[in-house]
Amino acid sequence: MGERTIIPFGPQHPVLPEPLHLDLILEDEKVVGAVPSIGFVHRGLEKLVEKRDFHEMVYVIERVCGICSFIHGQGYCQTVEGLMGIEIPERAKYLRTIWAELSRVHSHILWLGLMADAYGFESLFMHCWRVREKVLDIFEETTGGRVIFSVCRVGGVWKDIDNDTLKRIVTVLKDVEKEIKELSDVFIKDYTVQKRTRGVGVLTYQEAIDLGAVGPTLRGSGVPMDMRKLGYAAYGELDFEPIVEKDGDCYARTLVRVREVFQSLDLIYQAVNKIPDGEIATKVRGNPPAGEFISRLEQPRGQVIYYAKGNGTKYLDRFRVRTPTFANIAPLLKMLPGSDLADVPILALTIDPCISCTER
Amino acid sequence: MGFNVIGKTIMKSLFGKPATAMYPIVKNEFYPNTRGRIENDITLCNYCGLCGRRCPAGAIEVSKPEKKWEIDRTRCIVCNFCVQVCARNALSTERHYTTPMTDKSKRITTLYGEKEEPVKEKVQENA
Amino acid sequence: MTGQTFKPVTAAEIVEKTKQYAKDGYRLIQIHCTKTPQEMFIIYTFEKIDLSCENLKMDVQVGDTVPSISGVFFGAVLYENEIHDLYGVNFSDLAVDFKGTFYETSVKQAFAQTGADNKE
């Protein structure tokens, strides 16, 4: 047994733009333990719900995270709609699904780029982000924003996408699909990549469940849990199966994300074919009644939980967001011991950490 | 097969158009939907102050007696909510973003309504 | 949507109940605290692999000491430290105790003050 050293990792680290701090306990080059600390960007957005009425709060909740901003808005609206017992029009449900899946596509491509950057594939990183730009252009064209869309509202959505635009989106996405297919071969087949990711940071099936892992981290360990299977928005009418990989290592988690890009694109094609005509929003009357509501959604990073408590006024008593990264920190602590110091950045990346999300 | 893919990519990179734009020379084209900044058509505004009260960021200030409508461009998050709540459709979202500023005093845009209008309104109300 | 029922639970039986859930194949997905001018409670949410979920609701007060369930589900550590820092509820037998340094807010127990009196 060697001498133990403690190496601080983060909050500023080249591989992560996010302020995650880990105290790594090392024995020679092997990590034997890790203590996380977060709280560098705590903003207390949840508390703001007491000062902003429930219509305005959508725009605050969207700003919890830049990458999954649409699904935060959707989740908030869905929770408040559940609390008030509002049924939104079918077209709005499909539009939300399309935007949510586009978010997943651009989030996963972004992550693939960051992953490539983490093991030193700079030009692959550039290519991933070049492809992602096409998805962002679709967002700007349809919602008006590249990152923050402000298109969800309690009772539906603000903007409609006409059917011609939807068809054009599909042709753009077919292009994206072709390019991602070429790029994904590097992640799946490249020898160097496999050397860095195979067998690193293994999370077993039982550990993933017990530690509360969510999203691709959970599905990479062979657990077929996907909140979209709850059938919220239009997911109940679309045909898909959760993507599962057995190994539970970094390679499996990468593979899950690569395959989810194609799954999301397929879901968008399905939704575009099935989208009905009609209204995009219902009128919302009155305030949220006294009561509580919990809803669970699937974000690119995993399951997200919203809890809302109303009191009959236009201000909610409490709104709680449990973001996916918060749940994935405990599995990360389990994965770290036993790996090399050089693998820590890649391990931290495979849970797709979003610390600003986590601390809200 | 792998060689074909990389060969194609190299050819595209060498002879194709770059993916980025030469920014100061080529200006970015915005979409009609792009939310750049909030503009107010002051002739339509009746200074009800609804936009200011509903603004999630507290960026808009309206004063009825002074006929003043004021927006803090650096506070505004361009969420479009004021445009949607405006009863007289005076507010709109302009496609172009606020130009960057070096001086903080330029962040506030103030618009004043015409002085004659209150007289007209009063006449109408009396009549 | 399922999982909208909140079963009451007391601080004394929370660890036992959690063990029971663990035995039944549930896993912990979140803990959060809510404080309104009238009441204050902690909600534990458990989820099964078939996506069904259940909630436990425990009444607490600022300054109370509640047994930690981090011995059963390690992931609870983060939620419990969060509640300790933001609401001032103490947890006994925490697996990793940050001792109030998890969120370093300028106002201690920032979320324990309810906003009823400082509304705009």
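**Stop 1: the salt bridges between chains A and B**

Select chain A and chain B and look at where they meet. Three salt bridges are counted between them; a salt bridge here is a side-chain nitrogen of Lys or Arg within 4 Å of a carboxyl oxygen of Asp or Glu. Side chains of opposite charge can pair when their charged atoms come close. To see a salt bridge across this interface, select Arg54(B) and Asp53(A), whose closest N and O atoms are 3.4 Å apart.

What is on screen is a predicted model, in which local features need pLDDT of at least 70 and side-chain atom pairs count only at pLDDT 80 or more, while totals for chains, interfaces and linings use all residues. Residues are numbered from 1 along each chain as its sequence is written, chains are lettered from A and ligands numbered from 1 in the order in which they are written, and side-chain values use heavy atoms, with hydrogens and water left out.

**Stop 2: the rest of the A–B interface**

Keep both chains selected. Ten residue pairs are in polar contact across the interface of chain A and chain B, both residues being at pLDDT 80 or more. A polar contact is a pair of N or O atoms within 3.5 Å; within protein, one must be able to donate a hydrogen and the other to accept it, and residues adjacent in sequence count only if both atoms are side-chain atoms.

Which helices of chain A each supply at least two residues of the side that touches chain B? They are α1 (57-62), α4 (122-143) and α5 (163-189). Helices are DSSP runs of H or I with at least four residues, strands are runs of E with at least two, and both are numbered from the N terminus. Select α4(A) next: with seven residues, α4(A) gives the largest share of this side of chain A. Coloured by class, the side of chain A that touches chain B shows eleven charged, seven polar and five nonpolar residues. In this scheme Asp, Glu, Lys and Arg are charged, Ala, Val, Leu, Ile, Met, Phe, Trp, Tyr, Cys and Pro are nonpolar, and the others, Gly among them, are polar.

In total, 23 residues from chain A and 20 residues from chain B take part in the contact, where contact means heavy atoms within 4.5 Å. The two chains bury about 1,900 Å² between them, 50% of it on carbon and sulfur atoms. Buried area is the accessible area (1.4 Å probe) that two parts lose on being put together, summed over both.

**Stop 3: chain C**

Now show chain C. Of the two pairs of chains that touch, chains A and C have the most contacts. Chain B and chain C do not touch, and their nearest C-alpha atoms are 10 Å apart.

**Stop 4: Asp226(A) and its surroundings**

Select Asp226(A), in the loop between α8 (216-219) and α9 (250-274) of chain A. Is Asp226(A) buried or exposed? Asp226(A) counts as buried because its relative accessibility is 1%; buried means under 20% relative accessible area, exposed over 50%, and partly exposed in between (1.4 Å probe, protein chains only).

Leaving aside neighbours within four places in sequence, Asp226(A) is in contact with Arg219(A), Phe240(A), Pro242(A), Glu298(A) and, from another chain, Leu51(C). Add Arg228(A): its side chain meets that of Asp226(A) in a salt bridge of 2.9 Å, N to O. Both of these residues are buried.

Stay in this loop and select Glu241(A) and Lys229(A), whose side chains meet in a salt bridge at 3.6 Å, N to O. Both lie in the loop between α8 and α9, so the pair ties together parts that are twelve residues apart in sequence. Glu241(A) is exposed, at 55% relative accessibility, and Lys229(A) is partly exposed, at 39%.

Next, select Glu101(A), Arg104(A), Arg219(A), Asp226(A), Arg228(A), Glu260(A) and Glu298(A) together: salt bridges that share partners join them into one network.

**Stop 5: two helices of chain A**

Go to Glu90(A) and Lys93(A), which form a salt bridge with the closest N and O atoms 3.6 Å apart. They are three residues apart in helix α3 (residues 90-118), so about one helical turn separates them. Glu90(A) is partly exposed at 33% relative accessibility, whereas Lys93(A) is buried at 14%.

Then select Ile268(A) in helix α9. Ile268(A) is buried, at 1% relative accessibility. Not counting residues up to four places away in sequence, Ile268(A) touches Ile98(A), Glu101(A), Leu102(A), Val105(A) and Leu173(A).

**Stop 6: chain A as a whole**

Finally, zoom out to chain A, which has twelve helices and eight strands. Of its 360 residues, 67% are buried.
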